[in-house]
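Work through the exercises below with the sequence and the model side by side, attempting each task before reading its solution.

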Amino acid sequence: MITVNKKLRFHLLLQNGLFVVLLLVLVSMLGYLAFEFRTQWDISQNNRNSLSKASLDVVQKLNGPVMVTVYATHQDPQLGDIRKIISDFIVAYQRIKPDLTLNFIDPIEQPHLAEEAGVRMNGEMVIAFNDRSEHLTTINEQTFTNALMRLARSDQKQLMMLSGHGERKLDGIANRDMGDFGKKLTENGFRGEALNLASTMEIPSNTSVLIIASPQTDLMAGEVDILLDYIERGGNLLWLVDQESLYGLLPLAEKLDLTFTPGVVVDPQAKRLRAPITFALGTIYGQHAITEDFDFISVFPFARQIIFNENEKWQGTSLVEVAPEGWVETGELNDAPTFNETDDVAGPVSVAVALKRTIDEREQRIVVVGSGHLLANTYLGNGGNIDFGMNLVNWLAGDEDLITIQPRATIDSQLILKEPALTVMVISFLIVLPLLFLVSGIMIWWHRRRR
């Protein structure tokens with residue numbers, strides 16, 4: 001009997017020991033897997049705790065280490081522990097790019113280092129990459145990713161904006177100007193400058209993209225010749241055309257084998273969305289680097305049709321087609337336009353085309369858009385206009401790798417409750433729950449007393 005009990009105890013001891021060993025092995029394996037492989041799920045609204053696809057694309061294009069130096073004290077009178085705020089923000093980028101390093105320098109303890117770096121504010125960041133640097137005084141995903149995008153460019157791209165004929169200004173503040181878009185271009189590493197052919201008589205050789213934005217008076221024949229020579233030599237061009245006259249640029253349209261249909265595009269779909277019927281909504285995009293993964297609605301106010309005539313010189317792609325249920329109104333536009341089968345052109349209508357050809361062993365790129373209002377200050381905030389515009393310029397400048405949707409601001413995390421909901425919450429947590437706990441306590445006390 002004693003021998004049986006000893007054997008039983010030995011088997012139990014062996015089983016318990018084996019269980020403990022296996023448990024330790026399991027815990028060790030889980031710890032190793034947790035250390036080597038990290039998986040996260042972001043269940044917040046709008047994925048506010050994760051980087052956007054745009055940021056991921058930019059970070060993955062940075063070949064080489066990135067150093068972020070933050071000049072911040074340990075405590076800020078307004079923000080508190082500013083170092084922790086910045087560290088929590090940067091860690092999202094470090095998970096994607098391990099060679100992104102973060103260093104802190106106290107500008108009070110080491111003022112000479114802050115002075116050498118040109119730092120003026122507490123919490124200012126200096127981002128360094130490939131012997132270039134960017135300063136940031138605000139911290140959010142859009143500004144940080146834009147800084148990385150600027151650093152990713154090999155050099156600053158020069159944009160020349162044709163002027164002298166009432167064109168939209170890249171730095172203008174009027175409704176028809178493109179000042180807001182110009183600021184976005186500057187943020188992304190472009191440098192814009194006005195070009196008056198009457199005073200310079202030539203287009204600078206370092207021009208990455210020439211922009212012609214809706215002239216209001218005729219160009220002189222000599223100016224048109226300079227533009228045609230620029231195209232002949234392989235220059236890149238963004239041409240924004242409104243529904244008015246071409247103002248002397250018909251030879252340019254002929255050189256590009258483009259036909260502009262008279263009239264304005266009418267889109268009944270816009271009216272159903274409570275927008276003017278002359279606001280053509282871009283929802284049908286062609287197969288092109290500019291529109292790849294672009295799934296936003298773009299708005300083309302007072303657009304005109306552009307027809308690319310197939311030829312051996314240029315490869316053309318229709319970037320955007322609008323008004324599948326609409327038409328090109330060639331007659332007088334009234335409050336309730338109707339389709340005229342004889343004179344009007346039925347949709348869908350192409351309002352933007354991209355052209356390219358190989359010249360001198362490099363690719364020449366041209367984009368023509370049938371609505372200068374697309375990038376105007378008044379309409380830039382509609383739909384995905386600003387993103388579409390950035391994609392246009394990036395492709396024209398040869399930076400198609402940087403074509404991306406701009407990072408979106410996260411949705412506010414405010415919870416606003418109405419008065420009845422607040423009343424229910426107050427009654428539930430301050431009256432009902434305490435009463436339930438009290439009643440359950442009394443019942444437990446009474447049950448134990450009866451034993």
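**Exercise 1.** Determine whether strand E3 (residues 124-129) is enclosed or open to its surroundings, and find its partner strands.

*Solution.* Begin with burial, where buried means under 20% relative accessible area, exposed over 50% and partly exposed in between, with a 1.4 Å probe and protein chains only. In E3, 5 of the 6 residues are buried, so the strand is largely enclosed by the rest of the structure. The model is predicted: local features need pLDDT of at least 70, side-chain atom pairs count only at pLDDT 80 or more, and totals for chains, interfaces and linings use all residues. Residues are numbered from 1 along each chain as its sequence is written, and side-chain values use heavy atoms, with hydrogens and water left out.

Next, take the pairing, for which DSSP must find at least two bridges between two strands; strands are DSSP runs of E with at least two residues, helices runs of H or I with at least four, numbered from the N terminus. Strand E1 (residues 66-71) pairs with E3 in the antiparallel sense over 5 bridges, and threonine 69 has valine 126 as its bridge partner in E3. On strand E4 (residues 132-136), which is antiparallel to E3 and joined to it by 5 bridges, histidine 135 stands opposite valine 126.

**Exercise 2.** Locate leucine 246 and describe its surroundings.

*Solution.* Leucine 246 lies in the loop between strand E8 (237-240) and helix H9 (250-255). Its relative accessibility is 15%, and leucine 246 therefore counts as buried. Setting aside neighbours within four places in sequence, its contacts (heavy atoms within 4.5 Å) are Trp239, Val241, Ala253, Phe260 and Arg304.
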